[in-house]
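Dear colleague,

I am passing on the structure we spoke about, with the sequence alongside. Please have it open while you read, since the notes below follow it part by part.

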Amino acid sequence: SDTMEVGTVVRWNVKEGQKVKSGDVIADIETDKATMEFQSFDDGTVAVLSVKEGQAVPVGTVIMTLAEAGETSAPPVATAPSLATKTIGGVPPPAPSAGRTATAPPPSVPTKPPAPPVDANGRSAPTGAPERVFASPLARKIARDAGIDLAALEGTGPSGRIIRKDVEAALAGPGAPPRPGAAPPTPSSRPGAPARETTRICDLAAAPVPGVAMTPSVGAPLEARTVALSSMRATIARRLVQSKTTIPHYQVTVSARMDALLSLRRQLNEQLASQGVKLSVNDFLVRACALAMHHHPFINSRWVDHPTQPSVELVADVNIGVAIALPIERGGGLVVGTLRHADRMGLRQVSAQTRALSDKARAKGLTIEEMSDSTFTISNLGMFGVDHFTAIINPPNTAILAVGAAAARPVVLTDPETGLERLAVGHEMSMTMSSDHRVIDGAMAAQYLATVKDLLEKPATLLVC
């Protein structure tokens with residue numbers, strides 16, 4: 001983008017000596033807005049990878065050298081003029097320094113590197129240059145303290161990355177090395193008796209439980225460290241500060257009865273289970289918010305900050321943004337995936353697109369197109385058991401909806417025949433909309449939320465396209 005100054009090579013998809021074709025994705029590059037796939041525009045053989053994974057470099061830095069047909073695939077000496085160079089931003093490599101002659105290597109046909117030897121387990125045997133092991137910083141620390149070789153582990157994180165639970169599983173498995181400071185097995189006091197391992201209560205408490213996060217021992221100090229922000233996380237921080245300081249936020253909260261919707265969702269999921277469809281409460285919510293825009297167009301608008309004549313732009317397309325939390329392994333943070341023309345989608349299509357955006361955001365990152373042009377944003381923390389919270393508006397939107405859990409609460413029911421009231425247990429969901437007061441008045445926000453509430457409490461209307 002025109003604002004990009006630094007890029008980070010998140011992951012290389014190729015290795016030195018590997019042949020690539022035009023259109024192959026050779027790397028994932030993190031910009032200030034998204035993680036993008038970097039494609040090769042030529043055929044050739046990867047000669048040099050000049051930048052390591054995770055390294056941030058300025059735009060214009062040479063990150064890879066590609067040898068074309070008839071050129072050597074060996075790493076070039078100095079700056080060989082016969083090698084085609086790929087850069088971020090298209091800046092050519094620097095010229096050879098004065099007084100030094102740069103000679104091109106003799107033409108040769110690129111040779112395919114020999115396949116590495118394979119051991120009995122099907123893994124590549126170690127060669128002269130150790131192969132890099134991809135692991136999170138926390139996983140490396142735990143493995144280092146426990147004396148575990150990361151190269152012997154299989155990663156379950158994104159792209160096979162070794163994460164904390166992989167190391168903990170190795171600690172819990174048979175043949176795990178003893179933890180530092182652990183007492184050695186105590187032999188039996190009887191002479192000639194076989195050695196017997198004793199188990200202490202503190203060992204049982206420290207042993208990792210499958211599926212449960214490890215809890216540090218009482219009084220264990222926290223680790224003091226400074227975490228550098230990724231380009232995308234830094235951009236998110238700047239945008240949130242800009243939003244909170246330049247947009248006059250205010251909040252309106254309403255609760256909706258969810259019993260009818262939960263019952264309908266359960267029936268639909270039972271009927272659609274054979275087709276692999278599983279609707280979530282958020283899918284119903286997206287459709288309700290999209291349909292309600294037709295009754296309240298000022299919610300689907302943008303503030304135009306003209307110096308002499310500010311105005312409000314009513315947007316024709318209803319593009320609902322869904323907030324997606326990124327895992328810590330990818331640097332954390334929050335991105336917003338866009339469901340375009342959500343008012344024209346059925347529940348099945350909303351569910352499929354939301355799931356696809358969430359999976360891609362957490363695995364490899366969304367493109368700029370997949371995160372742009374939203375007109376209204378939904379942030380749902382109900383799956384974490386949150387009852388109520390407020391959210392910061394995502395510019396250029398004029399509103400964002402913060403949604404809590406559909407929780408069981410005491411409710412008052414009225415008998416339609418006798419008019420008598422009785423206390424019962426029902427499910428209610430709290431929704432809080434943060435609005436831009438320059439565009440949306442309090443009455444507008446209340447009327448919009450009343451429409452959304454009515455659609456959720458009468459969910460059969462959401463099935464009609």
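The secondary structure of this chain comes to nine helices and 16 strands; please keep in mind throughout that the model is a predicted one. Of the 465 residues in the chain, 37% count as buried. If one takes the contacts in the chain with a separation of 6 or more, residues 24 or more positions apart account for 60% of them. The surface that the chain exposes comes to about 26,800 Å², and carbon and sulfur atoms supply 57% of that area.

Towards the N-terminal part of the numbering, there is an open sheet of four strands, in the order S4-S3-S1-S6, and its pairing is antiparallel. Strand S4 (35-39) and strand S6 (56-58) stand at the edges with a single partner strand each, so one side of each of them is left without a neighbour in the sheet. On average, and with direction ignored, neighbouring strands of this sheet are turned by 40 degrees against each other. Strand S3, which covers residues 25-30, pairs with S4 in the antiparallel sense over five bridges, and Ala27 is found opposite Phe38 in S4.

The salt bridges come next, of which the structure holds ten; I describe three below.

One of them joins Asp373 to Arg340, with the closest N and O atoms 3.1 Å apart. This pair links distant parts of the chain, as Asp373 is in the loop between helix H8 (368-371) and strand S14 (376-380), while Arg340 is in the loop between strand S13 (334-339) and helix H7 (347-363), 33 residues apart. Asp373 is partly exposed, at a relative accessible area of 41%, and Arg340 also counts as partly exposed, at 28% relative accessibility.

A salt bridge is also formed between the side chains of Lys360 and Glu370, at 3.1 Å from N to O. Because Lys360 lies in helix H7 and Glu370 in helix H8, the pair ties together parts that are ten residues apart in sequence. With a relative accessibility of 28%, Lys360 counts as partly exposed, and Glu370, at 23%, counts as partly exposed too.

In the third pair to be described, Arg409 forms a salt bridge with Asp387, and here the closest N and O atoms are 3.6 Å apart. Distant parts of the chain are again linked, since Arg409 belongs to strand S15 (residues 399-414) and Asp387 to the loop between S14 and S15, with their positions 22 residues apart in the numbering. Arg409 is partly exposed, its relative accessible area being 23%, and Asp387 counts as partly exposed at 40% relative accessibility.

Finally, a word on the surface. Which residues form a nonpolar patch there? They are Phe298, Val312 and Leu314, which together have about 220 Å² of accessible area. Of these, Phe298 is found in the loop between helix H6 (281-292) and strand S10 (301-304). With a relative accessible area of 35%, Phe298 is partly exposed, and this value satisfies the requirement of over 30% relative accessible area that residues of such a patch have to meet.

With best wishes

Note on methods: Residues numbered from 1 in each chain as written. Predicted model: local features only at pLDDT ≥ 70, side-chain atom pairs only at ≥ 80, totals over all residues. Heavy atoms only, no water. Patch = residues over 30% accessible without salt bridge, like charges linked within 9 Å, V, L, I, M, F, W, Y side chains within 5 Å. Areas by Shrake-Rupley, 256 points an atom, 1.4 Å probe, with all protein chains shown as cover. Salt bridge = Lys/Arg side-chain N within 4 Å of Asp/Glu carboxyl O. Helix = DSSP H or I, 4+ residues; strand = E, 2+ residues; numbered from the N terminus. Buried < 20%, exposed > 50% of the residue type's maximum accessible area, 1.4 Å probe, protein only. Pairing = 2+ DSSP bridges. Axes fitted to C-alpha atoms, helices over the stretch in contact; angles between N-to-C directions. Contact = heavy atoms within 4.5 Å.
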